[in-house]
Amino acid sequence: MSEQVITLEKVNKWYDDFHVLKDIDLVVNKGQKIVICGPSGSGKSTMIRCINRLEAHQEGKIFVHGTELTGDLKNIDTIRREVGMVFQQFNLFPHLSVLDNISLAPIWVKKMPKKEAEEVAMTYLEKVKIPEQALKFPGQLSGGQQQRVAIARSLAMNPKIMLFDEPTSALDPEMIKEVLDVMIQLAEEGMTMLVVTHEMGFAKTVADQMIFMDEGNIVEQASPSEFFNNPKNDRTKLFLSQILNH
Amino acid sequence: MSSIVYSNKFLIWSKKNLFSSWINTLLTVLSIYFIYEVSVFFLDWAVFKADFLTNFRGERIIDRTFCSKNIEPGSYGACWAIIHVRFYQFMYGFYPAAEVWRVNLVFFLLPFALVAIFFDKVPFRKYLLYFTLAFPFIAFYLLYGGPSLTTVGTNKWGGLLVTLFLGVTGIALAFPLSIALALGRRSNMPIISLLCVIFIEFIRGVPLITLLFTANVMLPLFLPDGVSPDNLLRALVAVTLFQSAYMAEAIRGGLQAIPRGQIEAARSMGLTYWQSTRKIVLPQALRISIPPIVNTSIGLFKDTSLVLIIGLFDLLGIGRAALADMTWTKLYYEVYVFVAIVFFIFCFAMSRYSLYLEKKLKTDNSS
């Protein structure tokens, strides 16, 4: 029996008058890999940013590991420790070395001794295949390397769930693969993943659920084979034809 | 050979930059003439035709009537003897001579307390920073007195001592206060942010003189009966509040330059607001804000001379007192030029430091 790790019930969110998320229902089971796509402004980033409360929802309920996300700061901190996030713009800390970027949260949030945290950091740098960059600063790395450091930084907190917000959109084409390879490896190890991306090749390889969002709604949710071969909704069809035939 | 190449380079440079067109040539010639005239005039007055300790007859100058320019008007320049005679007051005010070693010791220790803050690659920086933290207490004990040191009331302090005390202490106290104000202004909590905005805008909207008068007159009203803080402390409060408002705006500029993603990344890893502020936001924001912080500090350092209107004798106040002395009266130029030079030395040093930092930050970021 699969275990529900994320549950969204009738979630609504507004930016002032703009209704970004409309009655979103979503269940994510342990170990599931869900790829979310849709046109820009459809609410897909906002949805995953609600899951670690970088954005607050106004109506409905969000549970992560059984803990409900409310304004309660303690709950938010607990959930953030279990949910890692990778951003489009990497968001590495430019004033810290790669090693310090990764060991920062283990030291300050988990109160890990510095030496141990650095060992953890090195383990994950090896996992993303750039241990030799440990002492450099983010500005000295290529985009692909920076994003891999960002993934290692999230993993160092040993999260149960990983959220990816368009992780390859800011990368030059030749660097996309090195980041996707790391993500595929992570998926194979059984990580629960929610990925906002337009990399449909990646989606076909990794996803066990596809979600298509438009104008704040989940328009279609299906298995990848169903989704790509036999989309039900017209908007999905249009979107897929645009994205696959360019 | 190399000197020929060098002079050739200079010729090419000057042809390109100084004599590229007839109007440029005209401006160059006029500027050189102007610079020449002004420096000859000033050097004549300040050095070549000036009296230092003796006049042109070789007599020791003991009052203004001995100055060469007062004996033979028109043919002599500055009479620096007034600075020499009053030098002690210019440096220490009315600090008792028997205790003046204490002030000298503080002047001597001050650079050691500052060097670790200003430069990040000094030997023993860690230990120097401990010294920096201890310095305010050491300095206060030495200057004011305490166990086994005679008390020297602040009414005896004066001259450069007061100028440096107000400038350095004001800037040092304003720094943490301004960080709190800048963070408060950007806080999500409306009351805190409103209070910070009101404070900052009020202080920035009022001249320092007004604050000095207010602190002088009104501070005692807020304190319990019988507690009467001394004049220097009142001035220090005014100066600190004034500087903290300006510094807060400089720091706010730095805070605004930090992309939102930095905070989001820190928060998404479970760092609390204070942790992400301390480890991620402030280190980056303060680096950007250092040049404007130094700018406002230069402004404040000069503004400390306004304390003379509430009866404190800073460097300028001592100068005015010296001019009021009947035996030395009317030597305005000497006194004001001297005061200006002392202020210039400190402000120019700060300004060069700011330039050095800007260059350093640029190279650090491009690496």
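Begin by selecting B:F48, which sits in helix α2 of chain B, the helix that covers residues 22-48. As you look at this residue, keep in mind that the model is a predicted one. Is B:F48 buried or exposed? With a relative accessibility of 62%, B:F48 counts as exposed, because the cut-off for that word is over 50%.

Next, keep B:F48 selected and add B:F41, B:F42, B:L43, B:V47, B:F52 and B:L53, and you will have a nonpolar patch on the surface, whose residues together have about 710 Å² of accessible area. One of these patch residues, B:F42, also belongs to a cluster that ring pairs build from B:F42, B:W45, B:W80 and B:Y333, so select those four rings as your next stop.

Now step back and colour chain B by its domain assignment, which gives domain 1 as residues 1-48 and domain 2 as residues 84-366. If you take the centres over C-alpha atoms, domain 1 and domain 2 of chain B are separated by 40 Å.

The tour then turns to aromatic pairs, of which the structure holds 25 over all chains. Select B:F94 and B:F313, which form an edge-to-face pair with 5.6 Å from centre to centre and 90° between the planes. Which parts of chain B does this pair tie together? B:F94 lies in the loop between α4 (81-92) and α5 (100-118), while B:F313 lies in the loop between α12 (273-303) and α13 (315-324), so the pair joins parts that are 219 residues apart in sequence. B:F94 is partly exposed, at a relative accessible area of 35%, and B:F313 also counts as partly exposed, at 34% relative accessibility.

Move on to B:F242 and B:Y246, an aromatic pair that is tilted, with 5.0 Å between the centres and 50° between the planes. Both residues lie in helix α10 of chain B (residues 231-256), where they are four residues apart, about one turn of the helix. Here B:F242 counts as buried at 8% relative accessibility, whereas B:Y246 counts as partly exposed at 27%.

For the last stop, select B:N216, whose place is in helix α9 of chain B, which runs over residues 208-222. This residue has a relative accessible area of 17% and is therefore buried, since buried means under 20%. Which residues does B:N216 touch, when those up to four places away in sequence are not counted? Show B:N231, B:R234 and B:I310 beside it, and you will have the residues that B:N216 touches on that count.

Technical notes. Residues are numbered from 1 along each chain as its sequence is written. Chains are lettered from A and ligands numbered from 1 in the order in which they are written. This is a predicted model: local features need pLDDT of at least 70, side-chain atom pairs count only at pLDDT 80 or more; totals for chains, interfaces and linings use all residues. Side-chain values use heavy atoms; hydrogens and water are left out. Helices (H or I, at least four residues) and strands (E, at least two) are DSSP runs, numbered from the N terminus. Buried means under 20% relative accessible area, exposed over 50%, partly exposed in between (1.4 Å probe, protein chains only). Contact means heavy atoms within 4.5 Å. Patches are made of residues with over 30% relative accessible area and no salt bridge: like charges are joined within 9 Å, nonpolar side chains (Val, Leu, Ile, Met, Phe, Trp, Tyr) within 5 Å. Accessible areas come from the Shrake-Rupley method with a 1.4 Å probe; for residues, only the protein chains shown count as cover. A salt bridge is a side-chain nitrogen of Lys or Arg within 4 Å of a carboxyl oxygen of Asp or Glu. Domain bounds come from an automatic or database domain assignment. Rings of Phe, Tyr and Trp (its six-membered ring) pair if their centres lie within 6.5 Å; planes under 30 degrees apart count as stacked, over 60 as edge-to-face and the rest as tilted.
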